[in-house]
Structure formats: structure tokens, C-alpha cells
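Here are some notes to read alongside the structure. Take them one at a time, and keep the 3D view open as you go.

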Amino acid sequence: MDREKRNHLIRIAAAIAVVYGVILILEFTLRPTSILFTVLRKGAIYSLVAVSMNLLNGFTGLFSLGQAGFMLIGAYTYAILTMPVSVKQSERVYKYYECIVGFDTGSLIGLIAAGLMAAFFAFLIGLPVLRLKSDYLAIATLGFAEIVRAIFQWDVLGPLTNGANLLREYKDLTRIYLPFTDIPFPPTLFVFIVAGVCILLIVLLINSSYGRAFKAIRDDETAAEAMGINLFRHKELSFVISSFFAGISGALLAMFQYTVQAQQFKTMMTYEILLIVVIGGIGSISGSCIASFLYIALSEWWLRGLDMGEFLGIAAPDLFRSGFRRLVFSVIIMVIVLFFSKGLMGDKELSYEHLKQKLSSLRKKRRASA
Amino acid sequence: MAGFFHQNLSYFLSGISVGGQYALIAIGYTMVYGILRLINFAHGDVFMCAGLVMVYLSASLPFAVSVPLVLVFTVALGFLIERVAYKPLRSAPRMSVMISAIGVSYLLQNAALYFTGGLAKVYPEIPFLSRSVVIWDASTRVVTLVTPFLTVILVVLLTLLIKHTKIGMAMRAVSRDFETSQLMGIKINRVISITFMIGSFLAAVASLLYFTNYASVTPTSGSMPGLKAFVAAVFGGIGSIPGAVIGAFIIGICENIIKGGATIFGIPGSGWTTFSDAFTFAFLIVILVVKPTGLFGEKAVDKV
């Protein structure tokens, strides 16, 4: 390994360590209800699902819109598996049905099972659907997500999924503990560790020979096939892996929200994730992460005033009423889509060199104008 | 068979009526796809906007004024969306145009959410269309009977327009070959704008009929009919207008039979209601796998 590469890795490791250190410190200093934690947790969860979508859309060139469906599968798998048996048998959650799952698991097993279940469904649906081309694939996966939502709300499956009613009292973020103890695990740190490990795995995959094959398929299917890449196998692989991580992020979302209901995983959710990917730059992992945190921070925190009647000290309750935030948001998104189609990062990754370059070009520009 | 038909007559009737409404929306999808190769995800939301504008206009204006105004507004909206969101991306990759369409859909839904405050708006009763009638023991509204006829008339008119006028010829040329038709002196931007305007006009007519039946409009009430209409267009063979119409009628009828409570596979109808939406998509996946070109679609040849 040459020196430059090693320095690069050390820098990345240091940056990651700093982020996790800061989060640990925040957990012990801020009060747990702080809005910052909401933003950090939800941002990390959306980062994971955005990166998983980017793996498909940005790196393999498969325009899939099924993310919400896979998140739903993950969320339900996790909630059903980790809900304690005593809760399942009581009437608190399964009010109208007899729950047929007679066991419960720990949260780690629940998370992995959530991913595996989503991956399994992806494998099945991928067999017919991945033979389709761009926009047909988009609409077929979108339709698949709708079918999943209907199935999970079906009252014949009520003993498993509780029908259209919500699930709660499973192992959410307040109910996870350090292994073999009953000391509660810092919740934000937990989300960051799970999301971080998953994103790291995706990055490793993209940099492997499989990742290069994915990119070859994205750039030119025919050429990739001529080079001996098995198109269908690689597409299926990318689809299954992406769905695995979407399932895990669904499970994390269920943990974060304390309750989960199929109703919430609508097409709109997939659109939001897609728009995050576009804002971050299609084909940039770090872009997706930055965009997720920005998106969540803006919508949950910084632009709140737009809904509450006062923004930046301007009070206009008639204009700034409920829903204005999202309207402003969608206009911003349209501007980005139309005029900055590369997004924040294009297909580059955030790195020390990249930042240095940006800064020096800025400085040059300023000097030129002065 | 006759017994089954008689029993489920009211579902057949509403199926045919909804089918007609889907057909009108589906034409907008299929024409735009035929020309731009773009799934116009915002089309369903244009349909919803037409419904909302009707609610607001009819509150203060008589129907004779508000109905034409709604049609004009929707046509203008379709034109505007094409000019602002799709035209600048003419030479961009197809994926960016589709993302732009999703962005527009997101924008329209959020705008509707803001203006309605998230409440379902009650659709006005249009005097003639809302009257109820009884046919063969099944009570229904006039709109249910009017829809299929109106749909067929509009489709025939549209087919005549496409077959026998200059602009129709230009549309066919552009959908066949974008660049060559440009070289032949066809102003493609004009043709595309007119396509969007026709699509929006039909969506506005569909919204008048559809919401008279469903009685309320919410910001998301356009997305489901929109997607179903798109499925109908795919089923009929995208780019083909008669295909879209037939597909829409089939989907409308099947969906209403499922909703209606016929016992299928031993599970009584009430158990299947949740699947009336999902059915459409299952149907879509099956079509795409079995016959991706649809009923009347032309076989596309991939050029290397």
C-alpha cells in the first residue's frame, strides 16, 4: 500500500472516530428530548436507505422505486420478531387477532432478520422484474411496493401483521441494552453504529470487483455483457443487497418511531428518498449521506418556523401556516433538479483532497474578482 | 352467469364508469410516452388539481362558468409544467426527466396540501350528473351512464384529430422519430406542448366525472387513479390510444368486482377489498413479464 493511500485511509478513520466521539459526548450532555437527536437519528436512518437506493440507481443504473416496500417489510419483520411474547399474548397490541408468533428475539437478530426478509422478497420479485428496461422497471417496482402495503394490511394475515392496526411495544430505541447487562445503550449511537456499519459494507462492495461490474452495467449494458459480465446475475445481486439494507433501515425507522403502521410507507416516501439521492448527487455515497442529514435537519428543524407562523423573525401567520414548509421544500427540490442536476457532490466523494481543491478554486475566483 | 351479472350489476356499472375515467387519464400518459418516452408522473396530480380548482371555483361561480374555467386552467397547467419542468431537460438523460416529473408530482401534492390545509374538500354536486337513476334493480348516478359514452365520443374525436389533421400528422411523425421530424421542419416544441394540452384537457374532463362519483378531493387523490391509468396504458400497449381505452375499461371493471364482494377462491369478497388497488399492480407485473409491448404496442427494436 503506498503512502498516499494509507494517509487517505487514516484521515477517513480519524474523521469517523471524531463523529462517533462527538455523538457519544452529546448523548451524555444534552437532554434526551433535544431536537438534535431526532435529526441525527432520522438523518442516519435516511442516509442508510438513500445509500442503498444509490447503490441501485447510481451505481448499477437500475431505476427502482420500491424502497418504501422493502422498508415496510423490514420494519414489520423487526417489530413482529422482537415484540415480547407477553405483549403478543395480551390484548394491548393484537386486539382483534390471536398472534401466531410464539417467540421473540433480540434486537440484533431482529435487525438482521429484517434485512434478510426484505432481501428474500427482493430476490423473488427481481426474477421477473429485473428483465425490464428503465422506466418499466421503475413502475413495476413502484407497483410491487403498493402490493406489499396491501398484503401487510390484509385482515386474513391479521394474526401475523395485526391487519391495518399499528404495532408497538417491540424493542424500540429505549429498550436496547449493552450486551449481557441491563445498562441502556445510548440510542443515537446505536443508530449510528448500525447505519455506519451497513454503509461501510456498501462502500466496500462498490469498491470490489462486483462494484466495478455494477458500474460497467450502468455505463453500457451491451458492452458489459460483451466483457463477460452476467447481466441478470449482477442486477439481481445489486437489487437483493440494496433491499437488504433498505430492510434494515426500515427496522431502524420502526425502532426510532416506537410504533409502526403499513399506512405510512407510501409512494411519497420512496419519492422523498429518491429526491434525497438526487440532491446528494446520483452516484455519490457521501453526497447521499450529507443530503439526508440536510434534508432531515431542514424539514424537522430549521424550516419549522414556516409551518408555525414565524420564520427568521418575520411573523405572517396567514402565509406561514401548516404545509408551507413542504411547499417551499418542493420548490427548492425542483430548482435543484432543473438547474443543478449534479446535486451537491455529482458522482464524486467527499474527501480531504476534494475539499482542498474546492477551497483553492474558491480562493482563486475571489482573487480574480478582486 | 346471468345471475352473477345481475347480482354484481352495480359493480359492473361503476366499473365501466371508472374505466371510462381511467381511459381519459390514460390517453394523457400514452400520448406523452409515445412522443417523449417519459412517464409523466405528474399527470395524476394534474387530474387532482383540476378537481380542487373546481371545488374552489364552484363555491362562487355558477357551473356554466366554472366548468369551462376548470378546463382552461388544467390545460394551462399542463402547458406550464411541460415548459418549465420538461423542456429544459430535452437533451438530458431520460432518468433526469423522470426525476423532474417526480419532483413536479411532489410539488403539486404539497401545494395542494398547503392550500387545502390537508382537509378533504367536498366536491360540488353538478345538478344533472349527480341525479340518481335505477336500472335493473341497481341504483346509480347519471354520471355512471354518461361516462362511457362521453369517453367513446372524445376518443373518436381524438382519433380523427390524429389521423386527419396536420397537427395530428406531426404528432405521429414526432412519436416515430424525434430527430428526423425536426429535420422535416416540424416544430417539435409546439407539437409536444399541444400533446400535453390535450392530455390535460382529457384529465380535466375525467376529474369532473370521477369526483362527482367520489364526492371529495384530497391532495393524494390523484396519485392512485394516475398510476392505474398508467397501468391501463401499458396494458393496451403504450403509445396506442385504443389500447389505453380498452385497458382502462378492463382494469376499472376488474377492480370494482374485487371491491364488490364476489367470493373468490373461497374467501368472501370483504377479504379482498384491500387488494383492489394491489390487483392493478399485480396485473401490471404480469403483463410486463408476459407481453411487455401490451395488446397493441409495436415491438421496439433496441439499437446497439
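1. Let's start with a small puzzle: does Asn162(A) count as buried or exposed? Look around the residue before reading on. Asn162(A) counts as buried, because it has 28 C-beta neighbours inside 10 Å, where 20 or more are needed. Asn162(A) lies in the loop between helix 7 (158-161) and strand 1 (167-168) of chain A. Its backbone deserves a glance too, since phi of Asn162(A) is near 65°, a positive value in a residue other than glycine.

2. Now compare Glu169(A), found in the loop between strand 1 and helix 8 (187-207) of chain A. Glu169(A) is not a glycine either, and its phi is positive, about 65°. As for its surroundings, Glu169(A) has 18 C-beta neighbours inside 10 Å, so it counts as partly exposed.

3. A word on confidence, as you are looking at a predicted model. Chain A averages a pLDDT of 86, and 96% of the residues score at least 70. For chain B the mean pLDDT is 84, with 89% of its residues at 70 or more. Among the elements of chain A, helix 11 has the highest mean pLDDT (94), while strand 3 (residues 310-311) has the lowest (67). For the complex, the predictor gives an ipTM of 0.84 and a pTM of 0.88.

4. Next, step back and look at chain A as a whole. Chain A holds 16 helices and four strands. Its radius of gyration is 22 Å, close to the 21 Å that the globule rule gives for 370 residues, so chain A is as compact as a globular protein of that length. Along its principal axes, the C-alpha trace of chain A spans about 75 × 60 × 50 Å. Of the 370 residues in chain A, 44% are buried. Sequence distance is worth a thought here: among contacts in chain A between residues at least 6 apart in sequence, 78% join residues at least 24 apart.

5. Helix 11 of chain A is a good place to check a simple calculation. This helix (residues 231-257) has 27 residues, and at 1.5 Å a residue they should span 39 Å; the end C-alpha atoms are 39 Å apart, so the two values agree. Just after helix 11 of chain A comes Tyr258(A), whose phi is positive, near 75°.

6. Chain B can be read in the same spirit. Chain B has 13 helices and four strands, and 48% of its 304 residues count as buried. Of the contacts in chain B between residues at least 6 apart in sequence, 75% join residues at least 24 apart. Try helix 7 of chain B (residues 142-164) for another length check: its 23 residues reach 33 Å from the first C-alpha to the last, close to the 33 Å expected at 1.5 Å a residue. Within helix 7 of chain B, the residues Val143(B), Thr144(B), Thr147(B) and Thr151(B) are buried. An α-helix has 3.6 residues a turn, so residues three or four places apart point the same way.

7. Which residues does His43(B) contact, leaving aside its neighbours within four places in sequence? They are Ile25(B), Gly28(B), Tyr29(B), Gly199(B), Ala203(B) and Gly226(B). His43(B) sits in helix 3 (residues 43-58) of chain B. With 29 C-beta neighbours inside 10 Å, His43(B) counts as buried.

8. Please also find the largest nonpolar core, which has 194 residues. Those with the most contacts inside this core are Leu48(A), Ala26(B) and Ala232(B). Leaving aside neighbours within four places in sequence, Leu48(A) is in contact with residues including Ala195(A), Ile199(A), Phe245(A) and Leu252(A). In soluble globular proteins, nonpolar side chains tend to be buried together.

9. Finally, where do the two chains meet? The contact takes 37 residues from chain A and 36 residues from chain B. On the side of chain A that touches chain B, the elements giving two or more residues are helix 5 (107-129), helix 6 (134-153), helix 12 (267-280) and helix 15 (324-339) of chain A. Helix 6 of chain A gives the most, with twelve residues. By class, this side of chain A has 24 nonpolar, nine polar and four charged residues.

How values were computed: Residues are numbered from 1 along each chain as its sequence is written. Chains are lettered from A and ligands numbered from 1 in the order in which they are written. This is a predicted model: local features need pLDDT of at least 70, side-chain atom pairs count only at pLDDT 80 or more; totals for chains, interfaces and linings use all residues. pLDDT is the predictor's confidence in each residue, from 0 to 100. A nonpolar core is a set of buried Ala, Val, Leu, Ile, Met, Phe, Trp, Tyr and Cys residues joined through C-beta atoms within 7 Å. A residue is buried if 20 or more other C-beta atoms lie within 10 Å of its own, exposed if 12 or fewer, and partly exposed in between; C-beta atoms are placed from the backbone. Two residues are in contact if their C-beta atoms, placed from the backbone, lie within 7 Å. Ala, Val, Leu, Ile, Met, Phe, Trp, Tyr, Cys and Pro count as nonpolar, Asp, Glu, Lys and Arg as charged, and the others, Gly among them, as polar. The expected span of a helix is 1.5 Å times one less than its number of residues. The radius of gyration is taken over C-alpha atoms; the globule rule is 2.2 Å times the number of residues to the power 0.38.
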